[in-house]
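Reader: I am new to this one and would like to walk through it with you. Could you show it to me before I start asking?

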Amino acid sequence: MSNTEDKKLLEIKDLKVSFFTPAGEVKAVGGISYELGYGEVMGIVGESGSGKSVEAYSIMGLLQSPGKVIGGSITFEGEDVLAYNKNQLIDFRGNKVSMIFQNPMTCLNPVYTIGNQLTEALRAHNKEISAADANKKSMEMLEFVGINNVEKRMKQFPHEFSGGMRQRVMIAMGLICSPKLLIADEPTTALDVTIQAQILELMKDLQKKTRMGIIFITHNLGVVAEICDKVSVMYAGKIVEQGLVNDIFYKPAHPYTIGLLRSMPRVDADEYERLIPIEGTPVDMLNTPSGCPFAPRCEKCMQVCLKRMPPYVELGNGHRSACWLRVQEEMNKKEEQANG
Amino acid sequence: MSDKIKRVKFGSMQPDIENLLELTPEDFAKASEEQKEGFITDRKSTSYWQDAWRRLRQNKVSMVALGIIVLFILFAFLGPRLVPYGYDQFIAGSENLYPWHYSLEDQALLDGVSGNDAERLETALATAEEEKGSELSSKEIAIIKARIKSGKLDIGEFKKENGIHLQLFGYSEAELERIENGEHVFPHVFGTDKYGRDIMVRIMIGTRVSMLVGICAAFLVLLIGATYGSISGFAGGKVDTVMMRVAELIYSVPEILVVLLISTALKPALVAFQNSGGGVLQRLVGLMGPNLISLFVAFGLLYWVTMARIIRGQILQLKEQEFVTAAKALGANSGRIIKKHLLPNCIGQIVVTTCLQIPEAIFLESFLSFLGVGVSAPMTSLGSMSADALKGVETYGYRLVIPALILSIMILAFNLFGDGLRDALDPRLKK
Amino acid sequence: MAKYTLKRFGMALITLFVIASLTFLLMNSIPGSPWLSEKSPSQATINALNEKYGMDKPVIVQLGKYLENIVQGDMGVSLKMQKNRPVIDIITEMFPVSASIGFFAILWATLVGVTLGCLAAYNRGTWIDSLLRIISTIGISMPTFVVASLLLTTFAGANEALRIFPTIFNSSLGAKAYVLPCFALGLYPMCYTARQARSSMLDALGQDYIKTARAKGLRNTTIIFKHALRNALIPVITYLGPEIAFVFCGGFVTETVFSIPGLGRYFIQSILNRDYPLIMGTTIFLAAFIILMNFLVDVLYKVVDPRINFSEGGE
């Protein structure tokens, strides 16, 4: 029997998700693949509309019509999540995998107390637990995420909490059933920078303590550098580059990644360095072109880029990039090897 | 280039790999800017209004509702010209006609079987003799006698036997005879009332009144509400708070009570005014009647709050947007900002709310007219016609049903169209 | 909570004061006096009226005296309808019937309306939804008198078989007598509530906290009945205020059509007969009742939605 270390926590293979709108089929996710081991933190980076949230929703089974998974597989601890029936899904969500969302201001029900909503999360998956025990555990959880005065806080309503504190509550709610995987969909985007830092610290801390896996979805590379072990860069519904965090940051192998890195303001930059944005606008997902979706915005765009989708090129250590430039390099290398 | 590129495990790009071997050096040449731009096929951009119109057109229910509204407008405003009867014209001999009639021959037959036993016996004997062609035997007479005695002749059966059926539209006997003589008589489509007034014309006038009242009241509300709301929203701060408190106060006043109150109070004054001279204003007052004027007064005083709130909400939202800050930075004054930047963006909401205000006004007017505190005779409205018909509802049910249905359909059409407008102008609200 | 309630109560009192004053001032603007029925009253009558209402004094004083009298429960006497009977007595005699019909109308309208609305929201896009939307749209397009009249025609008409419900009100007939009037009165509010409930339910179901609830692994029934419903009811409660006003004013019509001896019908008759003390008294009474109901609804609203507390500067 293989031990836990061999089994992957999460395996996504060639996942395809489309939205069948009245205007046409929007191919939100066009075939992405990645894996996550126990205790690993994967960052998913991309612009709005890149499909990063959509694929996270598919994992949780939270996709709503007109969205549908039209291909690929999602395997959690060896089980096919897409084949779950309703009851299995209910058991799965909040219990084995938890998700926290972007906007803490609206994610909590305004008419119920925090205590109510926390204990509800616990008792949904632990039917036998007593009210008193559930209360106790909820308070422990609130302390765990760094909230003071927990007794008082349990009886308060969401509007009495600040944004950062609400996000902490969301995290507490997400962790209360000790899930093996936490999906965080842009959890810090709606918060102030200082609060952002606090929440990130909290999450790093929690991750070390609980050894759970995290999928961290963001458009902010700075955040990725803080917390992630691996990174997948998404563009127009496809993963254009994937690898360990250091590889992505120090050896970026895709023009989009390079562009993202270049457009980040850096504290340690030289005095008058220009911010170099990426030209152009994101792709219209209703009319996805046949070549590389990034082509019109790429300064190194070649003829083939406009015609065909580039394949992945392995660069070692799990680092891969889908770019014709890399293909070109590979082909040149092989040629040299053949000739030299 | 005959070497293979390493196959990758996660094959989302599978189809391309097979063709890799066909790559040529030209493929790796740099692409020009034009080529990159041509790559992107932009969706045709549409303006907000085009988009809204497209959505509205696709909404079948709203289009049908619009059609009905247009029909009603034609009915109310063009109709009376087509019908040769006046709404106040007493037509002697045509009183109490139903919207259906029997042809002259059928009527004669029916007359033959109606009446008391003695009469019927006589008629039955006469008819039987005619049919037989000769004198009746005493046995036959006895049979007929017994049949008459045994009970009323089943009118329904009789009608079926003789192929008597109702014909559309109401005609008096005199009118039917005129038709027989070749004259063309316009039918009383909905019958006539007890004075012989053609009901259809009255309904047309009534519809006209209801619609005009609705539209004018809605515009009044629009004017007052939009002004109040935009000033309040734009001013913000203390002014806004005070204005909204006042609006809240007005909103909590039971409107119908105030309408009734105002009409009661204004009546003597308006009657005095009306009688004070023959000028245009006096005639207008006389035409509309004190109740209608009170209705407008009440509308102007009370009903604008919802519109004001909606506009204020919109303005508050828009105020924070950057194009307003930009306008201010360029030196535009408040009035200009409201007029040129804020209100045009509210037009969607304004149109929808106004459109939905019309059925509300019609509703109120008909309610008041029904109670007898609406339009005054001789002017008629659908509400007052229904009220009048209430007394004789058992015999003349159509006099109630027809105006009531027309009123409801009209209100329904406006509501449906208003709903459709709302869906079209703000897709986010689409349910 | 207390602060909010006090504020709301204060508003209610101000509104009532405004209405009472408005009523008085309007009635007083009519040439002649509202208290005089004959053209040439006796001196004794005039003196008595002066004493009571200060008719020889400035309007403001008159208003003050009138309000003073009202607070003591004295609304004058009816001049035309029931000569010399105290208005307050007439009102207390006729109001219970109107109130009971109004109450049942609101009850069924709200319960059925909310249920249908939620049903439609849950089954959005299906035939159930379309059917309910059609019915509710038709319902709000039919003025109360139309519904009442049509019911009257159907149940009092030629067809003997349909005479199930009495069309002339007789309280001794028990519940049966209430069916037609309550139905006619409640139809519009029911449809309006259904539309409101549907839209607020759909709104609630689209909120982020529902997403959270689903992500927590809660059952569908919990999500709908616990999380969505309570939020959806808030706008429905907001409508209760205007609904109550509507029902009591719509009562004028149903009482007329079904010959119900209630305050509404009497009120309309007093207007047509120009019985000013009765008009004034009834207006103020009805207004006070409606304002009171609105106040109670405001309090209820705050109980359901804890945010209101906060925005009124509570904590």
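Reader: Is helix 16 (residues 322-329) of chain B largely in the open or buried?

Author: Happy to start there, keeping in mind that this is a predicted model. A residue needs 20 or more other C-beta atoms within 10 Å of its own to be buried. Among the 8 residues of helix 16 of chain B, the number that are buried is 0, so this helix lies largely in the open.

Reader: Which residue just after helix 16 of chain B takes a positive phi?

Author: Let's step just past the end of that helix. There the backbone has a phi of about 95°, and the residue that takes it is B:G331.

Reader: What is phi of A:E77 near, and where is A:E77 found?

Author: A:E77 is a residue other than glycine, and its phi is positive, near 50°. As for the place, A:E77 is found in chain A, in the loop between strand 4 (67-76) and strand 5 (79-80).

Reader: Does A:E77 count as buried, partly exposed or exposed?

Author: We can settle this by counting neighbours. Exposed residues have 12 or fewer and buried ones 20 or more. A:E77 has 16 C-beta neighbours inside 10 Å, so A:E77 counts as partly exposed.

Reader: And A:S178, does that residue count as buried or exposed?

Author: A:S178 also has a positive phi, near 50°, and is not a glycine. Its place is the loop between helix 6 (163-175) and strand 7 (181-185) of chain A. With 11 C-beta neighbours inside 10 Å, and 12 or fewer being the cut-off, A:S178 counts as exposed.

Reader: How many helices and strands does chain A have, and what is its radius of gyration?

Author: The secondary structure of chain A comes to 12 helices and 12 strands. For 340 residues the globule rule gives 20 Å, and the value for chain A is close to that, so the chain is as compact as a globular protein of that length. Its radius of gyration is 22 Å.

Reader: What share of the residues of chain A count as buried?

Author: Chain A has 340 residues to consider. Its C-alpha atoms fill a box of roughly 75 × 50 × 50 Å along the principal axes. The share of residues that count as buried is 47%.

Reader: Where chain C touches chain B, how many residues on the side of chain C are charged?

Author: The contact takes 43 residues from chain C and 35 residues from chain B. Several helices of chain C each supply at least two residues to that side, including helix 1 (2-28) and helix 9 (220-257). The residues on the side of chain C divide into 31 nonpolar and 12 polar, and the number charged is none.

How values were computed:
Residues are numbered from 1 along each chain as its sequence is written. Chains are lettered from A and ligands numbered from 1 in the order in which they are written. This is a predicted model: local features need pLDDT of at least 70, side-chain atom pairs count only at pLDDT 80 or more; totals for chains, interfaces and linings use all residues. Two residues are in contact if their C-beta atoms, placed from the backbone, lie within 7 Å. Helices (H or I, at least four residues) and strands (E, at least two) are DSSP runs, numbered from the N terminus. Ala, Val, Leu, Ile, Met, Phe, Trp, Tyr, Cys and Pro count as nonpolar, Asp, Glu, Lys and Arg as charged, and the others, Gly among them, as polar. The radius of gyration is taken over C-alpha atoms; the globule rule is 2.2 Å times the number of residues to the power 0.38.
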